[in-house]
Structures are given as structure tokens and as C-alpha cells.
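Open the model in a viewer and keep a selection panel at hand. The stops below go from single residues to spaces inside the fold.

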Amino acid sequence: MARMIEDGVVEDSLRLGPHRHAIERAALESRVYLYTPSVLDAAAATLSAVRGVLDEHHIADTFQFQAYGDAFAARVLGACEQRFTAEWQDLEGDVDPVALLDVAVTAAGEHLGRRLEPVQGPALAPEGRAVFGYVVLARHDESPDWGPGGDAPLVLSLGRPDMHMLAVAYSSGAGWDGPYDPGPWRWYLGHEVPRDVCITETTVIAPAPAPAVAAEVGAITARVLTGDLPLPR
């Protein structure tokens with residue numbers, strides 16, 4: 001498990017084990033998200049704590065919770081996704097998406113055991129008004145078919161989508177072209193360089209942008225490149 005050691009104290013992996021498995025099953029059912037290990041760990045710890053409260057009240061083993069255990073885990077995972085998104089929105093301080101993407105690419109190469117040479121980037125997206133960093137990674141022999149011709153590369157991006165443009169897009173393009181409304185920082189995996197919004201890309205749910213988080217995203221990127229981890233969309 002990720003983040004097993006903190007302040008010299010080893011977590012009880014047996015305690016979180018069943019809850020981690022339940023959270024992992026819920027994550028695999030997602031059609032729009034991938035999750036970093038630290039998010040899965042946080043969700044598993046939350047699920048464990050909730051289960052502890054249910055045990056105290058002698059209702060954890062009732063039919064209502066036994067029959068809907070996986071659905072309950074999915075709700076906990078969804079709540080954690082909202083929690084981390086809120087943290088991204090209120091993030092204080094500067095975020096350098098290009099530097100963090102460079103960390104992610106290095107981590108992906110370490111995961112694969114070979115240095116990755118990006119096709120483009122890491123760089124800031126040249127078009128659009130939203131802040132987006134991106135890097136284009138070449139396909140590998142093991143990469144699955146992506147795109148109309150099956151030969152699309154993999155694009156990892158980190159940015160703040162334009163929430164106004166996103167609302168316009170979801171309203172079939174109707175609406176006033178207002179000022180840039182920056183949304184929360186988010187990681188995306190897809191096949192095109194982002195502009196103002198990311199609609200068809202897969203969102204990677206992660207804690208607030210930081211080098212350690214970028215390394216987690218890099219490991220996920222490596223697994224996607226080799227086809228070990230399918231993109232939900």
C-alpha cells in the first residue's frame with residue numbers, strides 16, 4: 001500500500017486491507033476517473049473509520065450494509081473525490097504545471113525502467129485562455145489502440161479548466177463568452193493537447209499538485225502507456 005509509513009509508524013495493513021480492496025473495486029467501476037494510490041488509501045481509511053462506527057452501534061453486519069457493501073464503498077470514494085477537488089480549488093501558492101509534469105515523466109520512466117523522451121513538452125498549452133501544462137508521450141509497443149486510427153499518442157496534462165467555457169460546452173455551445181473562470185487544478189490523460197476545457201479526457205483524482213503527487217501520476221501514466229491500466233474514456 002502507498003504511504004504505509006508516516007512519522008516512523010507503520011500502519012496496520014491488515015486493518016485497511018478489506019476496505020482497500022472494496023475501494024479498489026469501486027475505483028475500477030468508474031467510467032470517468034483514475035485514482036492515485038494516496039486517494040485510494042484515504043478512501044480506505046475513511047471506509048474503515050465509518051465501519052468502526054457502525055460496529056460500535058452493532059449495525060455493520062445488518063443486511064442493509066452487507067447487501068450494499070460495494071455501493072457504500074463507491075459512495076465513500078465519491079465523497080473523497082469531492083474533498084480533494086475542493087482542496088484543489090482553494091489551493092494557495094503558485095503551481096508550476098510544467099515542472100510537475102517533468103516530475104511525472106521522470107517517474108513514469110522509472111516505473112518502466114527506461115527514460116521517456118516526450119514528443120512535445122512539458123510545456124504550457126499554446127492555445128486557449130485557461131492555464132494548462134501538457135506533455136505528449138509516444139506510444140509504446142504495448143500501447144493499446146487509441147484514437148480513430150488506433151495510433152494516437154498519450155497526452156498528460158495538468159491545468160485549471162475554464163469553468164465558464166465548460167458550462168457553455170455542456171449547454172451545446174449556447175451562452176455568453178465571459179471572462180476566464182479558473183476551476184480546480186486537475187490532472188488529465190487523453191490524446192489531444194488541451195485548450196480551455198477537458199471533456200473527453202480521463203481525470204486523474206489526486207491530492208493537491210506537488211512533486212510526490214506528480215510521481216504517483218507518473219506511475220499511473222506508465223501503466224496506461226503499457227495497457228496495464230485502461231483509460232475509462
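Select Gly-159 and show what surrounds it: beyond the neighbours within four places in sequence, Gly-159 is in contact (heavy atoms within 4.5 Å) with Val-131, Phe-132, Pro-184, Trp-185 and Arg-186. The model is a predicted one, in which local features need pLDDT of at least 70, side-chain atom pairs count only at pLDDT 80 or more, and totals for chains, interfaces and linings use all residues. Residues are numbered from 1 along each chain as its sequence is written, and side-chain values use heavy atoms, with hydrogens and water left out.

Gly-159 is part of strand 6; strands (E, at least two residues) and helices (H or I, at least four) are DSSP runs, numbered from the N terminus. Its relative accessible area is 0%, so Gly-159 is buried. Here buried means under 20% relative accessible area, exposed over 50%, and partly exposed in between, with a 1.4 Å probe and protein chains only. Now add Gly-183: the C-alpha atoms of Gly-159 and Gly-183 are 8.7 Å apart, with their positions 24 residues apart along the chain.

Keep Gly-183 selected and add Arg-160, which is also in strand 6, residues 154–160. What does the side chain of Arg-160 have at 2.7 Å from one of its polar atoms? The backbone oxygen of Gly-183 is there. This falls under the rule for a polar contact: a pair of N or O atoms within 3.5 Å, where within protein one must be able to donate a hydrogen and the other to accept it, and residues adjacent in sequence count only if both atoms are side-chain atoms. Arg-160 has a relative accessible area of 19% and is therefore buried.

Stay with strand 6 and turn to the cavity. On a 1 Å grid over the protein atoms alone, a cavity is a set of points where a 1.4 Å probe fits but cannot get out, whereas a pocket is an open set with protein on both sides within 12 Å along at least five of seven lines; lining residues have an atom within 4 Å of a point. Grid points are joined across faces, edges and corners, and a volume is the space filled by probe spheres set on the points. The largest cavity has a volume of about 30 Å³. Ten residues line it, and to find its centre select the closest of them: Val-155, Ser-157, Gly-190, Glu-192 and Glu-201. Strand 6 and strand 7 (186–190) each give two or more residues to this lining, and strand 7 gives the most, three. By class, the cavity lining has five nonpolar, three polar and two charged residues. Nonpolar covers Ala, Val, Leu, Ile, Met, Phe, Trp, Tyr, Cys and Pro, charged covers Asp, Glu, Lys and Arg, and the others, Gly among them, are polar.

Next, select helix 1 and find Ala-22 there. Ala-22 is buried, because its relative accessible area is 9%. Apart from residues up to four places away in sequence, Ala-22 touches Leu-47 and Ala-73. A C-alpha to C-alpha line from Ala-22 to Phe-72 spans 9.2 Å, for 50 residues along the chain. Gly-17 is in helix 1 too, and is buried at 16% relative accessible area. From Gly-17, draw a C-alpha line to Ala-44: 8.3 Å in space, 27 residues in sequence.

Helix 1 also leads to the largest pocket, whose volume is about 410 Å³. Of its 18 lining residues, select Leu-28, Leu-34, Tyr-35, Arg-223 and Leu-229, the closest to its centre. Helix 1 (13–28), strand 3 (33–35), helix 2 (37–56) and helix 7 (211–225) each supply at least two lining residues; the largest share, four, comes from helix 1. The pocket lining has 13 nonpolar, two polar and three charged residues.

In helix 7, pick Ala-214. Ala-214 counts as buried, because its relative accessibility is 0%. Outside the four places either way in sequence, Ala-214 is in contact with Leu-100, Val-103, Ala-104 and Trp-187.

For the last stop, go to Pro-122 in strand 4, residues 120–124. Which kind of peptide bond joins Gly-121 and Pro-122? The bond is cis, with omega about 5°.
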